[in-house]
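Biologist: Please examine one part of this structure closely and set it in the context of the whole chain. I would like a single connected account that explains how each classification is reached.

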Amino acid sequence: MRRPAVAVAALGLASFLFGATFVMVKDAITVLPPLGFVGWRFSLGAAALLAISRPRRRTTVRHGVVAGLLLFAGYAFQTRGLVDTTASASGLITGLYVVFTPLLAAAVARRRPRLGVMAGALVAFAGLVALTSSEGLRARPGDLWTLGAAIAFAGHIVYLSRVARHHPVIAFTGVQLAVVAFLGLTGSLILEEFAVPGGASVTALLVTGLAVSGGAFLLQVWSQTVIGAARTALVLALEPVFAAVAGAVILGERLGTGGILGGLLILIGIHVVLAATGDEDDLPAAEAVSAAH
């Protein structure tokens, strides 16, 4: 099995872990405030990874901090946006990262996006619309915050594609998670009613903190040393599909016609982008080295 295929499979597993744990997170944030949950969750992931491998170079720490800031911005903006908008609108607008990622990747590389990449991104975005929209969207204050989350997540994906290959994967990922953990707990202490985990939230934190924040992000970072930003974004777009399936199996939620159609469109979009890019990286190694921060 070729390395690009292994990387795509690893990203598929990461998407499954990201999506399948939505049910646990939904229950946990009824006990812990959102930023607090993010902080405690990423603390576990960071501790596990940094216990295995610590950064030995300043550039690993510097690049990890920048990536961690982008990752935290995505979670913070998304959480703030949910205060003033609906969950369906949040899911749809966050899904714009699928479209923003190849655009940002092309802008950084100073070239036009490939038509096949753009076509696949648009098809996948249409799938996200069908999957997450249960009602017509209306302008809400939280929509702009959530738009910021989509841009931050896209920037995180593009930034990883440019710098991740230059660092030890475990240590580099651990630095990112540590940044998110520190900012999450600090933000919770300042902006929320700070709470210590207990009861049902402990199980959710162990699963999401170790398997997801540690394991899934580790898979994502490694995969992006092999494949490009656009393909990463499209494979990660499987996350809402897995989330919907988990909701249907565990909570008895029905996908409905729109949900099934959305999942199919996302899969088609991924196929279109993979066919358009082949084995080529959307951010070639030479460009990644010359443009690394």
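**A helix and its aromatic contacts**

Modeller: Among contacts in the chain between residues at least 6 apart in sequence, 92% join residues at least 24 apart. The model is a predicted one. Its chain contains 14 helices and zero strands. Of the 293 residues, 49% count as buried. The chain exposes about 13100 Å², and 69% of that area is supplied by carbon and sulfur atoms.

The part I have chosen is helix H3, which runs over residues 34-52. Its 19 residues reach 28 Å from the first C-alpha to the last, close to the 27 Å expected at 1.5 Å a residue. Helix H1 (residues 3-20) may be set beside it: 18 residues should span 26 Å at 1.5 Å a residue, and the end C-alpha atoms are 25 Å apart, so the two values agree.

The buried residues of H3 are Leu35, Gly36, Phe37, Val38, Gly39, Arg41, Phe42, Gly45, Ala46 and Leu49. In H1, the buried residues include Ala7, Ala10, Ala14 and Phe18. Phe18 and Phe42 recur in the largest nonpolar core, which has 43 residues: both are among those with the most contacts inside it, together with Leu71, Tyr97, Val98, Leu177 and Phe217. Apart from its neighbours within four places in sequence, Phe42 is in contact with Leu71, Tyr75, Leu177, Val180, Ala181, Ser213 and Phe217. A second, separate core has seven residues, including Ala67, Val163, Ala164 and Phe172.

Phe172 leads to a site in helix H4 (residues 58-84), where Thr60 lies. Leaving aside neighbours within four places in sequence, Thr60 is in contact with Pro55, His167, Pro168 and Phe172. The side chain of Thr60 makes a polar contact of 2.9 Å with the side chain of His167. Thr60 has a relative accessible area of 1%, and because buried means under 20%, this residue counts as buried.

The aromatic rings bring the account back to H3. A pair of aromatic rings is described by the distance of the centres and the angle of the planes. With centres required to lie within 6.5 Å, the count comes to four aromatic pairs. One of them joins Trp40 and Phe194, with 6.0 Å from centre to centre and 45° between the planes, a tilted arrangement. Trp40 lies in helix H3 and Phe194 in the loop between helix H9 (169-191) and helix H10 (200-223), so this pair ties together parts that are 154 residues apart in sequence. Trp40 has a relative accessible area of 25% and is therefore partly exposed. Phe194, at 38% relative accessibility, likewise counts as partly exposed.

The pair of Phe42 and Tyr75 has ring centres 5.4 Å apart and planes at 70°; since an angle over 60 degrees counts as edge-to-face, the pair is classed in that way. Phe42 lies in helix H3 and Tyr75 in helix H4, so the two rings tie together parts that are 33 residues apart in sequence. Both Phe42 and Tyr75 are buried. Ring pairs also link these two residues with Phe153 into a cluster.

Helix H3 thus takes part in two of the ring pairs described: a tilted one through Trp40 and an edge-to-face one through Phe42.

Terms used:
Residues numbered from 1 in each chain as written. Predicted model: local features only at pLDDT ≥ 70, side-chain atom pairs only at ≥ 80, totals over all residues. Heavy atoms only, no water. Helix = DSSP H or I, 4+ residues; strand = E, 2+ residues; numbered from the N terminus. Expected span 1.5 Å × (residues − 1). Buried < 20%, exposed > 50% of the residue type's maximum accessible area, 1.4 Å probe, protein only. Core = buried A, V, L, I, M, F, W, Y, C linked by side-chain atoms within 4.5 Å. Contact = heavy atoms within 4.5 Å. Polar contact = N/O pair within 3.5 Å; in protein donor to acceptor, adjacent residues only side chain to side chain. Phe/Tyr/Trp six-rings, centres within 6.5 Å; stacked < 30°, edge-to-face > 60°. Areas by Shrake-Rupley, 256 points an atom, 1.4 Å probe, with all protein chains shown as cover.
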